[in-house]
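Open the model in your viewer and keep the selection tool ready. We will go from stop to stop, picking a few residues each time and looking at what surrounds them.

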Amino acid sequence: QVQLVESGGGLVQPGESLRLSCTASGSVLSINDMAWYRQAPGEERELVAAVIGSGSTNYADSVKGRFAISRDSAKNTVYLQMNNLKPEDTASYYCNAGIRTMTGFRAYWGRGTQVTVSS
């Protein structure tokens, strides 16, 4: 069994920062890509940021220059540093990872953490 557990969400004011964390646990043999997605009410889930196995990153245009994704492979953890938050960043944020276990390789999702940006 594999679990992805996110933490770090909360209620902040515009311009403030948050740091999200997501840790994979269980029968993890290796992790390839790790990413953060978000979904606002009534909207489709969208990619926010991803870190590829080699360490390269990519970001949604809406968060470039404000968000930074990083990973600690030794801890099976991915982070999302979110600075200068805006009301339009309000959403549930989900962790996604490509994980290999004894039974094979597939993508896993966390249950999400809520980020609310409001004055």
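Select C22 and C95 and show their side chains as sticks: the torsion about their S-S bond is about -85°, so this disulfide is left-handed. The two sulfur atoms are 2.1 Å apart. Keep in mind as you look that this is a predicted model. There is no second bond of this kind to hunt for, since the structure holds one disulfide.

Now zoom out a little. Which parts of the chain does the pair link? C22 belongs to strand β3, whereas C95 belongs to strand β9 (residues 91–101), and 73 residues separate the two. Add a surface if you like, and ask whether these cysteines are buried or exposed. Both C22 and C95 are buried.

Stay with C22 and colour its strand, β3, which covers residues 18–26. On one side to explore is strand β8 (residues 77–82), which runs antiparallel to β3 and is joined to it by six bridges. Pick V78 in β8 and you have the bridge partner of C22.

Next, colour β1, residues 2–7. This strand also pairs with β3 in the antiparallel sense, again over six bridges. For a marker along this pairing, select L4, which stands opposite A24 of β3.

From β1, step forward along the chain to G9. This glycine sits in the loop between β1 and β2, the latter being residues 10–12. How exposed is G9? With a relative accessible area of 32%, G9 falls between the 20% limit for buried and the 50% limit for exposed, so G9 is partly exposed.

Show what surrounds G9. Leaving aside residues up to four places away in sequence, G9 touches L18, L20, T113, Q114 and V115. Then draw a distance from the C-alpha atom of G9 to that of Y93: the viewer should give 8.1 Å, although the two residues are 84 apart along the chain.

Two arginines make good stops for the end of the tour. Select R19 together with Y79: the charged end of R19 sits over the tyrosine ring, 4.0 Å from the ring centre. Then move to R45 and W109. Here R45 lies over the face of W109, at 4.7 Å from the centre of the ring.

If you enjoy looking for ring partners, there is one more search to try: the structure holds one aromatic pair.

Note on methods: Residues are numbered from 1 along each chain as its sequence is written. This is a predicted model: local features need pLDDT of at least 70, side-chain atom pairs count only at pLDDT 80 or more; totals for chains, interfaces and linings use all residues. Side-chain values use heavy atoms; hydrogens and water are left out. Helices (H or I, at least four residues) and strands (E, at least two) are DSSP runs, numbered from the N terminus. Buried means under 20% relative accessible area, exposed over 50%, partly exposed in between (1.4 Å probe, protein chains only). Contact means heavy atoms within 4.5 Å. Two strands pair if DSSP finds at least two bridges between them. A disulfide is a pair of cysteine sulfur atoms within 2.5 Å. Rings of Phe, Tyr and Trp (its six-membered ring) pair if their centres lie within 6.5 Å; planes under 30 degrees apart count as stacked, over 60 as edge-to-face and the rest as tilted. A charge sits over a ring if NZ of Lys or CZ of Arg is within 6 Å of the ring centre and within 35 degrees of the ring normal.
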